[in-house]
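Welcome, and thanks for joining this tour. Please open the structure in your viewer and keep the selection tool at hand.

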Amino acid sequence: MAEPRGTPGVETPPSNDSVRLEPDPLMNGAGALYVAATCACALVLVVGSVASALYIRNSKARVQESQKTLPCCSYSAADTGGLARSSVLVRVDPRPGSANSGSYATIADLEPLYARPCGSRASYYAASHVTHLSQSTDPCEKARALAVSRSALYCRTLVQEGTFGRVYKGTLEIAGREQEVIIKTVTEVASAYQASLLVVEGSQLAGLVHTNIASLAAACLDSSCPLLAYTSTPGELNLKVYLTDGNHHPVTRDLVHVGAQVARAGAFLHGRGLLHRDIAARNCIIEPGSLRVRLADAALARDLFPQDYHCLGDNENRPIRWMALESLQRNEYSTATDVWAFGVFLWELATLGQQPYVEVDPFEMMACLRDGYRLAQPRPCPDELFACMEACWLSPSRDRPTMPQLLAYLQDFHDALGGFI
């Protein structure tokens with residue numbers, strides 16, 4: 001029996017082929033406004049996402065382009081002005097297949113970075129890092145062995161002055177012959193400890209004869225204000241002053257040459273069982289005309305460059321920003337920690353004497369390095385030179401190159417740069 005199609009007196013619903021649409025609430029004036037606003041917001045989100053993606057891509061392209069440097073580009077204050085306030089840190093990710101956290105390149109990775117026409121000399125220079133060095137000679141005994149009378153030293157021109165320390169250009173007269181010298185001394189306000197520290201640190205390199213080392217030539221210890229004299233030439237400057245005074249414009253090859261000379265001095269020290277412990281631009285002197293550089297001791301450096309030293313609550317001012325991670329963590333020093341400081345020294349050269357890790361609080365330096373952060377590549381700086389810095393900051397310390405290896409690499413890179421001139 002057929003089912004009735006409807007109840008008498010009740011409207012029959014329309015069939016599927018004749019659908020009647022009731023007015024939707026969204027189709028009135030308020031609903032139309034709501035739909036329009038929703039579409040507009042969606043359009044803004046889409047446009048914003050596309051613009052952000054394009055900005056990030058263009059920013060990365062600009063950064064990559066900015067890091068491309070000609071092998072012999074000129075350095076000037078204008079080139080490095082953008083980095084004056086921040087050295088910019090980079091987080092180092094572990095290398096694939098390596099258990100090391102915060103590894104850059106190894107010394108082997110440096111080999112293919114440029115053509116080496118004479119082959120690699122790194123294997124010839126290779127040596128193990130020394131962790132226990134013999135430095136038993138009393139520094140004061142070295143100074144006393146070089147003692148001269150006060151009348152033999154003449155302080156002519158004041159070149160640097162700190163709170164209690166002074167550096168003069170002067171002359172040393174021995175056996176009727178005068179020679180140009182740099183004279184370090186303290187003032188009358190210096191304490192006995194500060195005076196004795198000058199003698200101890202000033203005697204660190206006494207007795208060493210090397211073209212790239214400024215060793216003690218004479219000492220006068222017969223008063224509360226000792227005088228320490230180092231052989232010099234009339235035009236020599238502190239290297240950090242040279243880099244930051246804006247009057248000099250070394251090119252990349254010049255800076256690599258400077259780095260190689262300091263590496264040669266470091267290799268000489270390590271080969272004789274000596275550590276420097278404070279390799280930095282402030283502890284080098286340069287002759288601007290010839291670009292001859294000599295590594296000096298750290299006497300008076302804390303007073304003359306106080307911004308480079310910090311006390312972490314132990315009453316000892318240390319070059320925190322130049323120190324290796326193991327030195328900060330466990331007070332360990334070795335040839336490998338000298339290599340770490342040398343890497344920061346190379347960064348100083350590339351930035352014309354800027355302050356490393358300037359945005360990091362000294363009390364946070366250990367955590368910063370432990371978490372894998374290192375100095376970023378400055379601009380301008382060739383990839384080859386930055387790779388050398390990176391290798392110096394490897395952890396663990398055994399993965400860092402030795403000073404002789406660094407010397408070989410920098411010397412070969414310097415020779416390779418000569419081919420572009």
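Is Arg 330 buried, partly exposed or exposed? Select Arg 330 to begin: at 49% relative accessibility, it counts as partly exposed. Bear in mind as you look that this is a predicted model.

**Stop 1: a salt bridge to start from**

Keep Arg 330 selected and add Glu 332. The two form a salt bridge, with their closest N and O atoms 3.0 Å apart. Glu 332 is also partly exposed, because its relative accessibility is 38% and the class runs from 20% to 50%. Next, select Lys 240, Asp 278, Arg 282 and Asp 308 together: salt bridges with shared partners join these four residues into one network.

**Stop 2: the whole protein**

Now zoom out and colour by secondary structure. You have 14 helices and 12 strands in view. The protein has 421 residues, and buried ones make up 46% of them. Switch on a surface if you like: about 21,600 Å² is exposed, with carbon and sulfur atoms supplying 56% of that area. As for how the chain folds back on itself, take the contacts between residues at least 6 apart in sequence: 71% of them join residues at least 24 apart.

**Stop 3: a sheet of five strands**

Select β2 through β6. They make an open sheet of 5 strands, in the order β2-β3-β4-β6-β5, and the pairing is antiparallel. At the edges lie β2 (153–161) and β5 (216–220), each of which pairs on one side only. Look along the sheet to see its twist, which averages 30° from one strand to the next.

Add helix α6 (residues 192–202) to the selection. This helix packs on the sheet and touches β4, β5 and β6 (227–231), and its direction makes about 135° with that of β4.

Now go through the strands pair by pair. Strands pair through backbone hydrogen bonds, so showing the backbone atoms helps here. Between β2 and β3, which run antiparallel, there are 7 bridges. The hairpin that joins these two strands passes through 3 residues. To check the register, select Glu 161, which stands opposite Arg 166 in β3. Moving on, β3 (residues 165–174) and β4 (residues 177–186) are antiparallel and joined by 10 bridges. Here, Leu 172 has Gln 179 of β4 opposite.

**Stop 4: a buried glutamine**

Stay with strand β2 and select Gln 160, which lies in it. What is the relative accessible area of Gln 160? The value is 18%, so Gln 160 is buried. Show what surrounds this residue: beyond its neighbours within four places in sequence, Gln 160 is in contact with Gly 165, Arg 166, Val 167, Asn 238, Val 241, Leu 304 and Phe 305.

**Stop 5: salt bridges across the sequence**

The count of salt bridges comes to 14. Two of them are worth selecting here.

Pick Asp 222 and Arg 150, whose closest N and O atoms are 3.8 Å apart. Asp 222 sits in the loop between β5 and β6, while Arg 150 is in the loop between α5 (139–145) and β2, 72 residues away. Asp 222 is exposed, at 54% relative accessible area, whereas Arg 150 is partly exposed, at 33%.

Then pick Glu 201 and Arg 302, a salt bridge with its closest N and O atoms 2.6 Å apart. Glu 201 belongs to helix α6 and Arg 302 to helix α9 (residues 301–304), so this pair ties together parts 101 residues apart in sequence. Glu 201 is buried, with 15% relative accessible area, and Arg 302 is partly exposed, with 25%.

**Stop 6: the nonpolar cores**

In soluble globular proteins, nonpolar side chains tend to be buried together. The largest nonpolar core here has 62 residues; Leu 239, Phe 342, Phe 345, Met 389, Trp 393 and Leu 410 touch the most other members. Centre on Leu 239: not counting residues up to four places away, its contacts are Val 258, Ala 281, Cys 284, Ile 285, Ile 286, Phe 345 and Leu 349. A second, separate core has 22 residues, including Leu 198, Val 199, Ala 299 and Leu 304.

**Stop 7: one last hairpin**

Finish with β8 (residues 284–287) and β9 (residues 292–295), antiparallel strands joined by 4 bridges. Ile 285, which you met among the contacts of Leu 239, stands opposite Arg 294 in β9. There are 4 residues between the strands of this hairpin, where Leu 291 takes a positive phi near 60°.

Note on methods. Residues numbered from 1 in each chain as written. Predicted model: local features only at pLDDT ≥ 70, side-chain atom pairs only at ≥ 80, totals over all residues. Heavy atoms only, no water. Pairing = 2+ DSSP bridges. Axes fitted to C-alpha atoms, helices over the stretch in contact; angles between N-to-C directions. Contact = heavy atoms within 4.5 Å. Buried < 20%, exposed > 50% of the residue type's maximum accessible area, 1.4 Å probe, protein only. Core = buried A, V, L, I, M, F, W, Y, C linked by side-chain atoms within 4.5 Å. Salt bridge = Lys/Arg side-chain N within 4 Å of Asp/Glu carboxyl O. Areas by Shrake-Rupley, 256 points an atom, 1.4 Å probe, with all protein chains shown as cover.
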